[in-house]
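Work through the exercises below with the sequence and the model side by side. Try each task before you read its solution.

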Amino acid sequence: MPKSFNKLTAIAAPIMRSNIDTDVIIRIERLVGNSIRGTLGKWAFGALRYLPDGSENPEFILNREPYRRAEILVTGPNFGCGSSREGAVWSLQEMGIRAVIGSSFGDIFFANCFQNGILPIIVDKATVDGLAAEIEITQGAGRVGIDLEEQTIISPTGKQLRFEIDPRRREGLLQGLDEVALTLQRDEEIRAFQVSDRAARPWIHFAGKSA
C-alpha cells in the first residue's frame, strides 16, 4: 500500500531542466541483478548526482545543503517522461521525496506516483517558475507547505497557491490506498450490480458449464 499523504512542510529543491526522463531519474542497469527496492535511493539521478569517479557532483543541487534533505521537488516540464519505469518513482521515494510540483509529467510516471505514495502536483508554468525563484532567493531556507485536503501550496514567502487533483486519486493518497484497495471499498456496490445485471441480461454471463 502507498504511504498516506495529508500535509507536508519541507525543504524543496528546484530542478528546472525540461524533459528529465525516467532513465535520468534511474538508469535501467540499477534495476536489474542485485538492485532491489529499499536500495535504490542512492542511485536516483545518478548521472547528475555523481562524477565519473563516483564522488558527488558538487554542482548538483541535491548534493548541497540544505537541498540534500529536500522532500519536495519543483521541476521543469515533462518530468518523468520516457519508459514506463516504476523504479524511477521508487528511487525518488527512497531518497526521501514525498511530492513533485511541475507544469507537466510523463503520463505513466504521474500514475506511478499515486500508486506509490508520492504526490505529483500540476500547476501552470508561471506558478512553477515563481515557486522555483522564491526557493532560490531564500536558498532553501524557506519551507514549502502542501495541504492535500485543501489542495493548496504555501510558497516560501507565504503565498497560497491552489492546485486541482482528481478526487479519486486524492482520496487514495489521503487514505494510503492504491487503486485496487479503492475499488474494494465499493465491493458491495459491485456485487449488487453483478446480481442485478445477471438477472437483467443472463445471456452475456458465463454459464459455468464445462466443455
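**Exercise 1.** Against which elements do the buried residues of H3 pack?

The model is a predicted one, in which local features need pLDDT of at least 70 and side-chain atom pairs count only at pLDDT 80 or more, while totals for chains, interfaces and linings use all residues. Residues are numbered from 1 along each chain as its sequence is written, and side-chain values use heavy atoms, with hydrogens and water left out.

Begin with the residues of H3 that are buried (under 20% relative accessible area, with a 1.4 Å probe and protein chains only): they are Gly-87, Ala-88, Val-89, Ser-91 and Leu-92. Then look for their partners, which are helix H1 (22–25), S3 and H4. Finally, follow the chain beyond H3 to Gly-96, whose phi is positive, near 105 degrees.

**Exercise 2.** Find how the rings of Phe-79 and Phe-109 are arranged, and where each residue sits.

Recall that rings of Phe, Tyr and Trp (its six-membered ring) pair if their centres lie within 6.5 Å, and that planes under 30 degrees apart count as stacked, over 60 as edge-to-face and the rest as tilted. The structure holds 5 aromatic pairs. In the pair of Phe-79 and Phe-109 the centres are 5.5 Å apart and the planes stand at 80 degrees, so the pair is edge-to-face. Phe-79 lies in the loop between strand S3 (72–75) and helix H3 (86–94), whereas Phe-109 belongs to helix H4 (residues 107–116), 30 residues apart, and the pair therefore links distant parts of the chain. Both Phe-79 and Phe-109 are buried.

**Exercise 3.** Decide how Phe-110 and Phe-114 are placed in H4, and which aromatic cluster includes them.

The two residues are 4 places apart in helix H4, which means that about one helical turn separates Phe-110 from Phe-114. Their ring centres are 5.2 Å apart with planes at 80 degrees, so this pair is edge-to-face. Phe-110 and Phe-114 are buried, and together with Phe-79, Phe-105 and Phe-109 they form one aromatic cluster.

**Exercise 4.** Trace the order of the strands in the open sheet and name its edges.

The sheet has 4 strands in the order S1-S6-S7-S8, with antiparallel pairing, where two strands pair if DSSP finds at least two bridges between them. Its edge strands, each pairing on one side only, are strand S1 (7–10) and strand S8 (160–162). Strand S7 (residues 152–154) and S8 pair over 3 bridges, and Ile-153 stands opposite Leu-161 in S8.

Note on methods
Buried < 20%, exposed > 50% of the residue type's maximum accessible area, 1.4 Å probe, protein only. Contact = heavy atoms within 4.5 Å.
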